[in-house]
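I open the notebook on this model and start with the sheet. The entries below follow the order in which I looked things up.

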Amino acid sequence: MNHQAHSSSMAAPLQAVELPIRRAKSEWRVLRFLKRHPQIVAGSLILLVVTLVAIFAPLLGTVDPRAISVTKRLRPPSAEFWFGTDALGRDLYSRVVYGARISVGVSVSCAFLSCVGGSIVGMVSASGRWADSVVMRVMDGFMSIPSMLLAIALMAATRGSVGTVIAAITVVEIPRVARVIRSVMLALREMPFVEAAVAAGSTTPKIFVRHLLPAVVSPLTVQATFVGSAAIIIEASLSFIGAGTPPTIPSWGNIMADGKALWQVKPHLVFIPAVFLGVTILGVNLLGDGLRDALDPRMAERS
Amino acid sequence: MTVVLEVQRLNVSFVATSGSVRAVRGVSFSVARSETLAIVGESGSGKSVTALSLMRLHDAERTKISGSVKFKGAELLEVSEAEMRSVRGNEIGMIFQEPMSSLNPLMQIGNQVAEAILLHQSVSRSEAKQRALRLLIQVGIADPERRMREYPHQLSGGMRQRVMIAMALACDPEILIADEPTTALDVTVQAQILDLMRELKARTGASIVIITHDLGVVAELADRVVIMYAGVKMEEGTTAEIFSRPAHPYTVGLLGAIPSLDRNRSEGPLTEIPGQVPSPSHARVGCSFAARCSLSSSICFETEPELEDVSPSHTAACHHKIRTPVA
Amino acid sequence: MSQPALLEVISLKKHFPRPRIGFGPREVVRAVDDVSFAVARGETLSIVGESGCGKSTLGRTVLGLTPPSAGAVWFDGWRVDGLAKPQLRKIRRHFQIIFQDPMASLSPRMRVRDILAEPLVNFGVVKGRKAVDERIGELLDMVGLARDAAVRFAHEFSGGQRQRICIARALAPEPSLIVCDEAVSALDVSVKAQIVNLLVSLQDSLGLSLLFISHDLAIVGHLTHRIAVMYLGVMVEIGDRDLILDRPLHPYTRALISSVPKTRGEASRRIVLAGDVPSPINPPSGCRFHTRCPKAFDRCKVEEPKLRSVGTQRRMVACHLDISEQGMS
């Protein structure tokens, strides 16, 4: 920029026209971003594969996962039964593939519901001193109970179904999300730009939506992945002890529960679903860690 | 005049994920015994980075420092970390800008000052505490016995800064480096601290390197001034020369941008330097200030100006140095 | 005064009760304790003081961003303190504010266009997308920014540029008064000069009133018409700029002015105050300044002085000393 400045005796009002710092083109920025965060790429790929498996389960060479065959029990892996069969003659491969639906479905639902619920709770809490004390004590109460026990208690109080499993896990995870949202809200409330919005005539709801919510999106996304990961583990654990998904619906936890009596002779009945579980959870955690590192506010202005 | 500190062609770069950033480019200056040198600049000038480099306080992994920093003949950039530790706080004292974050909030004041002594001198604990008490008196803290047992949060900003000065002076250093020592203070407290520093300067004969953006503070304390812009030294001279006969257009602009109580708006606007400081990560050709300079011409955008003498004690790096006749 | 004042503040108080610790009386921070002043149209009144004097709280209370504990605020003949929220929101268009921290004053994830559109839409200044965009362009011109700044995010700009955006936002609803709460304190020296010049020229061209809150006497001296000096929540001196700066009467004002480091000429004899600023929770009895005042005497410890006029001068001082028009030695 080569322009002549004016001397101090200039009388006309300033006319220096200023240009902000140029940013790189957006496509390049996305690519560079991904290159710097291999965790996000790896995690997303894993989850994408698992989700596709869950969605296209019927098309992946599976048979009815509930079909019992008394004659074909406990077969080892073969051309007909890729993972072998279980104690009731059911095709393990089909059960595992269909089991992905439960894990993905439960994890996504819980993540979504607990984010919505946690946001509401967190925002209510941050809105006033009184509300804060009451809500936070209730949340503390929930958080002091180990999540598994809480989930078991909730399941015992209701009839077992996938819906109730989702509800139980959501209840358990809401306090965590609420805490995060609350602290973000409290920090933002003090910032001058909120006061500036008040001075600019915005009503409280408008300030919430236009100024506060956008700041909540990144921490919320990260929390969603952590909830998703916890949901998969809790669902599998609940099913494993028989307090989760009803045995009629295949879920990785159920499959492991069915196979646990025989695991010394037929270890693949437990290990195969366990591997799927492990890989899926790894995927979610990688994505969550990668997102958390990437969305760290210190990095936000430098990419 | 014995030279206590000599800095030659100091270059400091930070390695970041997006490449390396040159914060200080080829800066040279020297400090004589009992002299006060002010390093002046705005944000992005590299003045604080320079000060921290003198004591090698940067993160070694992410910083590349080259050049020479000679303290009493010894090359500080090459000594071991252990030797550096014996110099820091002992022969070179440092005062930071924000006293609240530079003092340990969990330690009593007396203990912190005593620790500064015990680190470098083999005296008994009680002797160190006695000396700490004397130091607190020297820096003008009233009721020092009581204050010794207090914690930083119980003291006001001005008093904390005095404590920092006491700690910096604890081992009678040859040089005191003060990084924006009064910026965070109220103006009446700043006046107290400036008076204190002037008094200590006279009493101890220490050299002072003061980093600041406040030209008023410079006028009160400094013997010589170095003006930095975007990591480069633009001008150096005695305080009188810089204030009454500035040679570099940036210095002129800086001086004109400061309002004084005897002028008001009816006499015209303050001098503006249009635009903003260039980003340190961008490559530069020619003079760093050219884009904002009212005197710039084509040579300014092609060749970086060298520091040239305006007078025996006054240098400036500019192709169009302003020469004011000596009144 | 021939014209009624644009802003009139009468006996304003703002106290913050501190959370109760144990038993006993509750501590109260008397941030603003009975302050009165007026600002005329097109005039700049600066409120100066050091940390803890209550000037920032004063600015925010005057604007209704926080409700006063007592007192009245009259704006253009309308009483604005105690208004219900919807009415307060509507009347806000006439008095705006610029904050100190340019980094934190702008929503980090909003584009400049949306930031500037917010007041325009809220107050119905212009209607319709095209008119809004055109007005945004004009506002950017007024503050010296390129028009293409509108599509960029706030965090892409430097401190000085962000402050210009804040000024544009404050100008959007066409206010009569802008409160500048340490608006240039966080900026570099050369950028400070740009923004100060901008404010002065905007005031001249638009007839704005400015309530300029600052601790920097030199900047204040450049751009203000009148000065009010605050100490620990009370106003100790208020009057025309030249009077205050050339012949300050209150001992605190004199100390403040003499503390400003001089760049030219010899440093005049400086009045260095002893001690530090006391806490606003427990201000000293009587005159709050008596603990540090070089001229305090018995009456100062007991009785708090009220602001009173000094002869025919356009100024008022709160001090027990016998002050005549000739000033003090």
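Entry 1, sheet of chain B. I looked up the strand order in chain B and found eight strands in an open sheet, in the order 6-7-8-3-9-10-12-11, with mixed pairing. I took strands (E, at least two residues) and helices (H or I, at least four residues) as DSSP runs, numbered from the N terminus. Two strands pair if DSSP finds at least two bridges between them. Strand 6 (92-95) and strand 11 (307-311) of chain B stand at the edges with a single partner strand each, so one side of each has no neighbour in the sheet. Neighbouring strands are turned against each other by 20° on average, direction ignored. Axes here are lines fitted to C-alpha atoms, for helices over the stretch in contact, and angles run from 0 to 180 degrees between N-to-C directions.

I note how the model is to be read: it is predicted, local features need pLDDT of at least 70, side-chain atom pairs count only at pLDDT 80 or more, and totals for chains, interfaces and linings use all residues. Residues are numbered from 1 along each chain as its sequence is written, and chains are lettered from A and ligands numbered from 1 in the order in which they are written.

Entry 2, one strand pair. I checked strand 9 (residues 224-229) and strand 10 (residues 232-238) of chain B, which run antiparallel and are joined by six bridges. In this region B:Met228 stands opposite B:Lys233 of strand 10 of chain B. As background, strands of a sheet pair through backbone hydrogen bonds, either parallel or antiparallel.

Entry 3, helices 4 and 5 of chain B. At what angle do helix 4 and helix 5 of chain B pack? I found about 115° between helix 4 (residues 109-118) and helix 5 (residues 125-138), with the axes 8 Å apart. That makes helix 4 of chain B roughly perpendicular to helix 5 of chain B; angles of 65 to 115 degrees count as roughly perpendicular, under 35 as roughly parallel, over 145 as roughly antiparallel and the rest as oblique. The crossing of helix 4 and helix 5 of chain B is right-handed, meaning that the near helix is turned clockwise from the far one by less than a right angle, whereas anticlockwise would be left-handed. Helix 4 of chain B contributes B:Gly110, B:Val113, B:Ala114, B:Ile117 and B:Leu118 to the contact, and among the residues from helix 5 of chain B are B:Arg125, B:Ala128 and B:Ala132. Contact is taken as C-beta atoms, placed from the backbone, within 7 Å. The contact residues divide into eight nonpolar, one polar and three charged. The classes are nonpolar (Ala, Val, Leu, Ile, Met, Phe, Trp, Tyr, Cys and Pro), charged (Asp, Glu, Lys and Arg) and polar (the others, Gly among them).

Entry 4, B:Ala132. I singled out B:Ala132, which lies in helix 5 of chain B. B:Ala132 counts as buried because 26 C-beta neighbours lie inside 10 Å. The cut-offs are 20 or more other C-beta atoms within 10 Å for buried, 12 or fewer for exposed, and partly exposed in between. Leaving out residues up to four places away in sequence, B:Ala132 touches B:Gly110, B:Val113, B:Ala114, B:Ile117 and B:Met148. The C-alpha atoms of B:Ala132 and B:Glu267 are separated by 52 Å, with their positions 135 residues apart along the chain.

Entry 5, helix 1 of chain B. Six of the eight residues of helix 1 (residues 47-54) of chain B are buried: B:Lys47, B:Val49, B:Thr50, B:Ala51, B:Ser53 and B:Leu54. Just after helix 1 of chain B, B:Arg56 takes a positive phi of about 50°.

Entry 6, chain A. I counted eleven helices and zero strands in chain A. Buried residues make up 39% of its 303 residues. Of the contacts in chain A between residues at least 6 apart in sequence, 69% join residues at least 24 apart.

Entry 7, helix 9 of chain A. How many residues of helix 9 (residues 252-259) of chain A are buried? I found eight of eight, and they pack against helix 3 (92-126), helix 8 (204-240) and helix 10 (268-294) of chain A. Helix 8 and helix 9 of chain A pack at about 30°, with axes 7 Å apart, and their crossing is right-handed. By class, this contact has six nonpolar, four polar and one charged residues.

Entry 8, chains B and C. I found 36 residues of chain C in contact with 36 residues of chain B. Helix 6 of chain C gives the largest share of the chain C side, eight residues.

Key. Two residues are in contact if their C-beta atoms, placed from the backbone, lie within 7 Å.
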